[in-house]
Amino acid sequence: MKSKGRTGRRRKRKLMEVSAGLVNQSCDIRYIQLRKWLKNRGFLDSQLRMAHFPDTGRGLMTTRLLQPEDLIISLPESCLLTTETVLKSYLGDFIRKWCPPISPLLALCTFLITERYAGDQSPWKPYIDVLPSSYDCPVYWEPEIVTLLPEPIRQRAVQQRTILQEFYSSHLSFVRSLQPLYQENMENILSYDAVRWAWCTVNTRTVYMKHAKRDCFSSEPDVYALAPFLDLLNHSPGVQVDAAFNEEVRCYEIRTKVPYRKYDQVFICYGHHDNQRLLLEYGFVASNNPHRSVYVTRDVMLQFLSSTDKQLQKKWSLLKEHEFLDTYWKKVLLGSFVSESKEQSCMELVRKICQQLLEQTSQALQKVRCPASSNTLLSLIDHFHPSS
């Protein structure tokens, strides 16, 4: 049979995309502008395309077969947004003169906010335009939704909100020092909502890139790099990649350790994180996560242990002090050898605790009225289920 040529190949590709449930978004004007912007900065790429996937949302698909050790992406240093970028900008003199030195995180957050405020005048506009306008991290949730979370993650979520609030309030003096740059009040430009957006942008989208220590920054690690287009790669706990900045070619590179078929979504791994950490830091949970964990508070555990044991509190403290508590549970749950009676009693205790956690989660979900929040909390059930 004769080939149908380019038109036939396009039609076949379209049918494959529809059957896979993905929507090619390469024609979206925002991504066209982003690719033009990246090309002008030296980024040459022909194999990754923006698409919307039914299970993960927007991500990147490959237009060719990828084999292990193939280069997924190589993003030039000129495309990366780092503290070096900030110091070379209009903010540089303000940062160098400010005492005490500000953190690298604050420098990046401030730059993101002021560039977004600049709108069409910003040279980073094509990148700013494709960033989310808000995030799904708990710092964006309503307080009544946070209270419905299981106790361990609720404590972490509250702590996260406190950290963000302190981050904002402790840097108001530096924010005011930037007033000569703008006619509008700087506290309106760098408002709490703006800082929250920038803080989540940096925390959810940066790649690790170590930078030399500078006296104009505080002692906090300067390891952030925002990587336009590359940060569209979604997380999957099961994939393996090599990711690092290549000093020889001055590019941030990612190589795959697993194969991909043509038009597959390409993934990277953000780290061996359980669902609690993924939710807190990135605003999502991973289904079938091999690193998932069940966090159980001391109070919940004690409900199922014998109250007649007068040495219970002492035993608990001793086990916790020597980290035997975690180690023993891991041995049982990971299948290491213990006596049959110990294993049965431990697994029965696990079943009871998880059953209670499931019931508590179910009750919490019934109280949630917002559909979006319900979907987020429903996803948490997976790593509380006893059979997981």
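Okay, let's start with the outside: the accessible surface of this protein comes to about 21900 Å², and 51% of that belongs to carbon and sulfur atoms. Those areas come from the Shrake-Rupley method with a 1.4 Å probe.

A quick word on where this comes from. It's a predicted model, so to speak, in which local features need pLDDT of at least 70 and side-chain atom pairs count only at pLDDT 80 or more, while totals for chains, interfaces and linings use all residues. Residues are numbered from 1 along each chain as its sequence is written, and side-chain values use heavy atoms, with hydrogens and water left out.

Of the 388 residues, 45% count as buried, meaning under 20% relative accessible area, with exposed meaning over 50%.

Now let's zoom in on one helix, α2, residues 29-40. Helices here are DSSP runs of H or I with at least four residues, strands are E runs of at least two, and both are numbered from the N terminus. Which residues of α2 are buried? Tyr31, Leu34, Trp37 and Leu38. They sit on the same side of α2, because they cover an arc of only 120 degrees around the axis, going by the directions from the helix axis to the C-beta atoms. Their cover includes strands β2 (48-53), β3 (57-62) and β4 (71-76), plus helix α6 (125-128).

Flip to the face turned away from that buried side, and you find exposed Ile29, Lys39 and Asn40.

And the ends? At the N-terminal one, Asp28 is the cap, with a side-chain oxygen 2.9 Å from the backbone nitrogen of Arg30. Just after α2, Gly42 takes a positive phi of about 100 degrees.

Notes. Buried means under 20% relative accessible area, exposed over 50%, partly exposed in between (1.4 Å probe, protein chains only). The expected span of a helix is 1.5 Å times one less than its number of residues. Contact means heavy atoms within 4.5 Å. A polar contact is a pair of N or O atoms within 3.5 Å; within protein, one must be able to donate a hydrogen and the other to accept it, and residues adjacent in sequence count only if both atoms are side-chain atoms.
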